[in-house]
Amino acid sequence: MRRSDRRWGRAAVRLAFLTHRWVGIVACLFFVMWFASGLVMMYVPYPALTPAQSWSGAEQIDWGRVHQAPVGEGMARRITLEMRDGSPVWRIEGAEGDTRLLSAATGTVPAAVDAALATRVAARFGGAAVRSVAPIADDQWTVAGGFDRHRPLWKATLADGAGTELYISSLTGQPVQRTTGRQRWWNWLGSVPHWLYPTMLRRDRENWRQAVMWVSGPCIAVALTGLWIGLLRMRPGRRRYRGGRVTPYHGWMLWHHVSGLLGGVMLTTWIVSGWLSVDPGHGFAGGSAPEAAMRAYAGQAGEPHALDRLRQVAEGARSVEWSGDAGLRRIAIDRASPHPRWLEQADLAPARPADPARVAAMLVPGGHLIGSEVLTAPDFYWTQPSGLPLIRLRFDDAAQTWLYVDPMSGALVERQDRVRRAYRWVYTLLHTWDWPWLTVHHRVWTGWMWLWSIAGLVLSISGVVLGWRRLRRPVARGR
């Protein structure tokens, strides 16, 4: 090896040592926070009010007060009959995503959601008296963009033992979020620090993305240099350290070295996949179907009719939905319930699963259908047990598009191309380890996550101790 090459090699090693030593002092603090908060998130996820929970807390439709059908609304994308503050209403969703309400009793626009209405809705939904109600723009549990169309929100605090807080939409008058005191407490130790999710930062999505990237980036450098240094300092062969030791370290340095060798690869995959969670550079955004094709595929809901006959079929229902995805004019009764029922709009006959492959082809220009299968259980690329069965359609276009379609409604549930499937490998799998075999054997998955989290905690806590000693060393010398 030439002298210049050796000099550059020594400089690279020196830079790696300095990066790992000084940047690692701060990085290990983040590592401790991420490993500890990740363990909390395994047991207490971020609060969310699921469609099934919303349905279970909804009122049964008062068919005796349903006198007016929505006239001239047949071109809407979706029409739903439900209850709002004790009165039936039509919720009409347009093709552009706009939502309007009409009273099913009078055919007029219902009154705006005020404090009194929000109080009544919250008390009925939560089954407890309301201690206070106030309008808010957002807070820690409603800062995500999915709540934007419901703002301002009415935040109702219930007088129950769980410390429940309900958030009522000013658009629909329905609950859109629910938290309890236990959830809020544990999420301040779990999701909020893990995602770097304080309200002031998360309000601006782009600033939050930048913060995640610029915090995670140096931590990746610390993890990679730590792996390199850890391997350089090992002597597993004949030329070992004194006493036949493979590592030269003792005490906290020994713990740091050994845990880094054992858990360093997992730490690196977690921090890299966490960095990829915000998709830096939007390299994994994937493609999308043409907007015109999406609107055409979504179809038109059609105008509700034969309400007297429907009342007999849907007695006791809490929601009735009209849709026209993939040209299938269907009625869904209690769609979010454990046992939804599907009817044909034309004659109210029970609907059968359909195969909308021919219509779905319009969403993949230049592609031909090469495969179709019905998913009845989660697999590697569809890990959610809810919403099954689904039809997966595979196309031979340049992006290798897969479409996941609901066989009852015909609705497009998800679109994946090879870029999004690659993202599944490098982010979701490596960060949550939701491999189908592991998730089915939940105890094995739990043990796997605890094993590497403990290794990561030992690694990062020892790094914090060593960093603190390093920082105190100049002070001790001065004394």
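Let me begin with the largest nonpolar core, which has 39 residues, and in which Phe 31, Trp 270, Ile 271 and Trp 433 touch the most other members. Please keep in mind throughout that what we have on the screen is a predicted model. As for where this core draws its residues from, helix 1, which covers 3-41, helix 7, at 205-232, helix 8, and helix 14, at 442-478, each supply at least two of them. The largest share comes from helix 7, with seven residues.

If we take Phe 31 as our way in, and set aside its neighbours within four places in sequence, we find that Phe 31 is in contact with Cys 219, Val 222, Leu 267, Ile 271 and Ser 460. There is also a second core, separate from the one I have just described, made of 21 residues, and Ile 61, Val 66, Ala 76 and Val 320 are among them.

Now I would like to turn to helix 8 and its partner. Helix 8 spans residues 251-276 and helix 12 spans residues 418-432, and their axes come within 8 Å of each other, crossing at roughly 120 degrees. Because of that angle, helix 8 is described as oblique to helix 12. The crossing of these two helices is left-handed. On the side of helix 8, the contact is made by Thr 269, Trp 270, Ser 273, Gly 274 and Leu 276, while helix 12 brings Tyr 423, Val 426, Tyr 427, Leu 430 and His 431. Sorted by character, the residues in this contact are six nonpolar, four polar and no charged. You may recognise Trp 270, which belongs to this helix contact and was also named among the core residues that touch the most other members.

Let me move on to the strands, and to two residues with hydroxyl side chains. Thr 157 lies in strand 5, residues 153-158, and it counts as buried, since its relative accessibility is 17% and the cut-off for buried is under 20%. Leaving out neighbours within four places in sequence, Thr 157 is in contact with Ala 129, Val 130, Arg 131, Ser 132, Thr 164 and Glu 165. Ser 323, for its part, sits in strand 8, residues 320-323, and is buried, with a relative accessible area of 1%. Not counting residues up to four places away in sequence, Ser 323 touches Arg 77, Arg 78, Gln 300, Ala 301, Leu 328, Arg 329, Arg 330 and Gln 345.

I will finish with some details of the backbone. Where are the cis peptide bonds to be found, if we look at Arg 151 and Pro 152, and at Leu 388 and Pro 389? One of them joins Arg 151 to Pro 152, with omega at about -5 degrees, and Pro 152 is placed in the loop between strand 4, at 130-136, and strand 5. Another runs from Leu 388 to Pro 389, with omega near 5 degrees, and Pro 389 is placed in the loop between strand 11, at 369-375, and strand 12, at 390-395.

Finally, there is positive phi in residues other than glycine. Ala 326 has phi near 55 degrees; Ala 326 is in the loop between strand 8 and strand 9, the latter at 330-333, and is buried, with a relative accessible area of 7%. Asp 334 likewise has phi near 55 degrees; Asp 334 is found in the loop between strand 9 and strand 10, the latter at 341-344, and at 11% relative accessibility it counts as buried.

How values were computed. Residues are numbered from 1 along each chain as its sequence is written. This is a predicted model: local features need pLDDT of at least 70, side-chain atom pairs count only at pLDDT 80 or more; totals for chains, interfaces and linings use all residues. Side-chain values use heavy atoms; hydrogens and water are left out. Axes are lines fitted to C-alpha atoms, for helices over the stretch in contact, and angles run from 0 to 180 degrees between N-to-C directions. Helices (H or I, at least four residues) and strands (E, at least two) are DSSP runs, numbered from the N terminus. Angles under 35 degrees count as roughly parallel, over 145 as roughly antiparallel, 65 to 115 as roughly perpendicular and the rest as oblique. A crossing is left-handed if the near helix is turned anticlockwise from the far one by less than a right angle, and right-handed if clockwise. Contact means heavy atoms within 4.5 Å. Ala, Val, Leu, Ile, Met, Phe, Trp, Tyr, Cys and Pro count as nonpolar, Asp, Glu, Lys and Arg as charged, and the others, Gly among them, as polar. A nonpolar core is a set of buried Ala, Val, Leu, Ile, Met, Phe, Trp, Tyr and Cys residues joined through side-chain atoms within 4.5 Å. Buried means under 20% relative accessible area, exposed over 50%, partly exposed in between (1.4 Å probe, protein chains only).
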